[in-house]
Amino acid sequence: MSTYSTLETPAGPFTAVVDADGAVLASGWTADVGTLLPLVHPTLRPATARQVADLGEVSSAITRYHDGDLGAVDDVPVRQRSGPFLEQAWEVLRTVPAGAPVSYTEYATKAGRPAAVRAAASACARNAAALFVPCHRVLRNDGSLGGFRWGLPVKRWLLDHEASR
């Protein structure tokens, strides 16, 4: 059975949906689990998720990250499904270091398809596991924020948080 929990963070409420084995299926800055469940690939999407007070290591990692331990989320398992490029692109996102954002062009190159800038942007847009797969670390080529499912103020907070550490 999947579980979820919402934690208060400096950037707003953050909810994570976790599979029975502890892998994050979806997460983001919302208190509404109903916003997250549709983001999970149909083959992984739980029919229901039970709310719990504490997700163990996942909750600990969320709290530690927001308290300044930027690497706390790096080793938390994540499970997302899609086509081969998107899955590889999400893995590549996990290698972008905190405090060192990349452009969509640089991200496409890191993902092995330098000409696929739109596909790289799509990988960010379709990422269900925000924070654990840090799509907020990808910027437009001119350095501006671009889009972010959880709002540009949250993206700005995350980038400032990571730059200050």
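Here are three short exercises on this predicted model, each with a worked solution.

Residue numbers start at 1 in each chain, following the written sequence. Local features need pLDDT of at least 70, side-chain atom pairs count only at pLDDT 80 or more, totals for chains, interfaces and linings use all residues, and side-chain values use heavy atoms, with hydrogens and water left out.

**Exercise 1.** Work out where serine 103 sits and whether it is buried or exposed.

*Solution.* Start with the secondary structure: serine 103 belongs to strand E5, residues 102-103 (strands are DSSP runs of E with at least two residues, helices are runs of H or I with at least four, both numbered from the N terminus). Next, check accessibility: the relative accessible area of serine 103 is 11%. Buried means under 20%, exposed over 50% and partly exposed in between, using a 1.4 Å probe and protein chains only, so serine 103 is buried. Finally, skip neighbours within four places in sequence and list the contacts (heavy atoms within 4.5 Å): serine 103 touches Val138, Leu139, Arg140 and Asn141.

**Exercise 2.** Find how many salt bridges there are, and which partners aspartate 21 and arginine 64 have.

*Solution.* Oppositely charged side chains can pair when their charged atoms come close. The rule here asks for a side-chain nitrogen of Lys or Arg within 4 Å of a carboxyl oxygen of Asp or Glu, and the count is 6.

- Aspartate 21 pairs with arginine 79 at 2.5 Å, N to O. That pair ties together distant parts of the chain, 58 residues apart: aspartate 21 is in the loop between strands E2 (12-18) and E3 (24-28), arginine 79 in the loop between helices H2 (57-66) and H3 (84-93). Aspartate 21 is exposed, at 52%.
- Arginine 64 pairs with glutamate 57, closest N and O atoms 3.3 Å apart, and with aspartate 69 at 3.4 Å.
- Glutamate 57 is partly exposed at 48%, arginine 64 at 30% and aspartate 69 at 37%.

**Exercise 3.** Describe the largest pocket: what is its volume, and which element gives the most to its lining?

*Solution.* A pocket is an open set of points on a 1 Å grid over the protein atoms alone, where a 1.4 Å probe fits, with protein on both sides within 12 Å along at least five of seven lines; lining residues have an atom within 4 Å of a point. Points join across faces, edges and corners, and the volume is the space filled by probe spheres set on them. That gives about 160 Å³. Helix H5 (residues 117-125) gives the most to the lining, with 3 residues. Other names to look up include Phe148, Arg149 and Trp150, which also line the pocket.
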